[in-house]
2 protein chains.
Amino acid sequence: MTYCAALNLKEGMVFASDTRTNAGVDHISTFKKMYTFGVDGERSIIMLTAGNLATSQAVVNLLRSGIAQGSAPNLLNLPSLFDCAMLVGEQASSVAKTSQHRAHMQEGFGSNFLLGGQINGQPQELYQIYQEGNCISATEDTPFFQIGESKYGKPILDRSINHESSLEDAVRALLVSFDSTIRSNLSVGFPIDLMVYRRNSCTLPAGIRVDDSDPYLHNIRAQWSEGLKAILQQFDVPPDYYFK
Amino acid sequence: MTYCAALNLKEGMVFASDTRTNAGVDHISTFKKMYTFGVDGERSIIMLTAGNLATSQAVVNLLRSGIAQGSAPNLLNLPSLFDCAMLVGEQASSVAKTSQHRAHMQEGFGSNFLLGGQINGQPQELYQIYQEGNCISATEDTPFFQIGESKYGKPILDRSINHESSLEDAVRALLVSFDSTIRSNLSVGFPIDLMVYRRNSCTLPAGIRVDDSDPYLHNIRAQWSEGLKAILQQFDVPPDYYFK
């Protein structure tokens, strides 16, 4: 399994993905699930993938070879991010239809994608792309998307993130969301790839890989754990009728 | 869907279940998923069910008619809670094999059960029973079980509950766990049935139904929401290398 989340906020966007892949509990590997495409100053596109790794990698290879050949419509020459999302959808859908991938698709092991970024002069956008080839766009009401093993880490994002949240708050909430997921589910694991894109920079950030030994992560984890206990203990004592 | 959780703690046990059933988003009803069996002073058994409602109700009816007939081994005359859990497993497994229920079973819509309580003179115990008919028992290391839509509400229990937790802390953590799940997932809904069993009382508590309008729940929800925001804001600012 996999956990990826992307946030489309007023100040910019934050992307995060874990790196665990597993085929059974004894066949675990580390794979990056964050891919970038861009030209400094012109366009920055960040893509996260979840689901069948063979399918995701086939799609990424098709996207890259499209750029390398330079002729057909590709992620670096399409006029809008919506067109880019549709291209990913088309590629994913055509890969899924090939005989090697069809079996996984029917078993529910297809791939999903999050694609976000900005083309110079256009608004910053974030899309969730389904393997069927269609996509939806994040809005001010729904500023984040998750793919993969998303349930454990959803409540903290639901409660703490809105479109006005700062990039710092987003990083904090994402770290808690990933740490909670990793703690509760074996199939999601460290390190986390994390990338913060600032609105209108139109330049790809370097991004960082947050390892289990990262001191800031340890700091957050300790403060979160103590903070939660403190909140629960500060709650009023349940009234007597709860113990009837 | 459904969300049920049960905790086996030093001071007693706490059981909670939501009441939503749905067949599609426009066919929603309220059904109690908490069942009790007992004789005051002798034995108290509390059972929670998740999954296919027809299957769960068929199992409960078999268990009740077994008690009414009084002859064969039933929940009120079996010598141990383990035997009771095995009886539920047998009934569930035989119901699942009947032609009316088999189709659901194959599609993954079978039922799961949590059964806990105490027989006078014996230890308090909690079992999770699978539709295949086998069961596992909660331990000091793993003091709680969840069935149904359990992922949203697992991190808070993972972080806050251990075998030594007080019944008050358990009620608080369960309310947060249920409220988080209900907020993130349409298929789990209020009211919640909640029952606190005190160790060695061997008498069934009345239990309460916590409605969305319960003042203590509102209190908890507000304190939790404010508390979470406060923790996130008290976190140290992420270091510069997070924004490279």
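## The contact between the chains

In this predicted model, the contact between the two chains takes 53 residues from chain B and 53 residues from chain A. Of the area that chain B buries against chain A, 18% is supplied by B:Arg159, B:Phe235 and B:Tyr242, which is more than any other three residues supply. The size of an interface is often given as the accessible area lost when the parts come together. For chain B and chain A, the area buried between them is about 5100 Å², with 62% of it on carbon and sulfur atoms.

Polar groups also take part, since the count between chain B and chain A is 22 residue pairs in polar contact. Four salt bridges are found across the interface of chain B and chain A, and A:Arg159 forms a salt bridge with B:Asp179, in which the closest N and O atoms are 3.1 Å apart. On the side of chain B that touches chain A, the elements giving two or more residues are helix 4 (154-160), helix 5 (167-184), strand 11 (192-198), strand 12 (208-210) and helix 6 (215-234) of chain B. Helix 6 of chain B gives the most to this side, with 15 residues.

## How the two copies are related

A turn of 180°, with a shift of 0.0 Å along the axis, lays chain B on chain A with an RMSD of 0.0 Å. The two copies are therefore related as by a two-fold rotation axis. In chain B, the C-alpha nearest this axis belongs to B:Tyr152 and lies 2.3 Å from it. Because 100% of the interface residues of chain B are also interface residues in chain A, the copies meet through the same surface.

## Strand 8 and its partners

Within chain A, strand 8 (residues 125-129) has four of its five residues buried, so this strand is largely enclosed by the rest of the structure. Strand 7 (residues 111-119) of chain A runs antiparallel to strand 8 and is joined to it by five bridges, while strand 9 (residues 135-137) of chain A, also antiparallel to strand 8, is joined to it by three bridges. A:Ile129 of strand 8 is the bridge partner of A:Phe113, and A:Ile129 also has A:Cys135 in strand 9 as a bridge partner.

Strands 7 and 8 of chain A form a hairpin with five residues between the strands, where A:Gly121 takes a positive phi near 90°. The hairpin of strands 8 and 9 of chain A has five residues between them, and A:Gly133 in its turn has a positive phi of about 105°.

## A buried methionine

A:Met13 is found in strand 2 (residues 12-17) of chain A, and it counts as buried because its relative accessibility is 0%. Beyond its neighbours within four places in sequence, A:Met13 is in contact with residues including A:Glu125, A:Leu126 and A:Met195.

Terms used
Residues numbered from 1 in each chain as written. Chains lettered and ligands numbered in written order. Predicted model: local features only at pLDDT ≥ 70, side-chain atom pairs only at ≥ 80, totals over all residues. Heavy atoms only, no water. Buried < 20%, exposed > 50% of the residue type's maximum accessible area, 1.4 Å probe, protein only. Contact = heavy atoms within 4.5 Å. Pairing = 2+ DSSP bridges. Least-squares fit on C-alpha atoms with pLDDT ≥ 70 in both. Buried area = accessible area lost by both parts, 1.4 Å probe. Salt bridge = Lys/Arg side-chain N within 4 Å of Asp/Glu carboxyl O. Polar contact = N/O pair within 3.5 Å; in protein donor to acceptor, adjacent residues only side chain to side chain.
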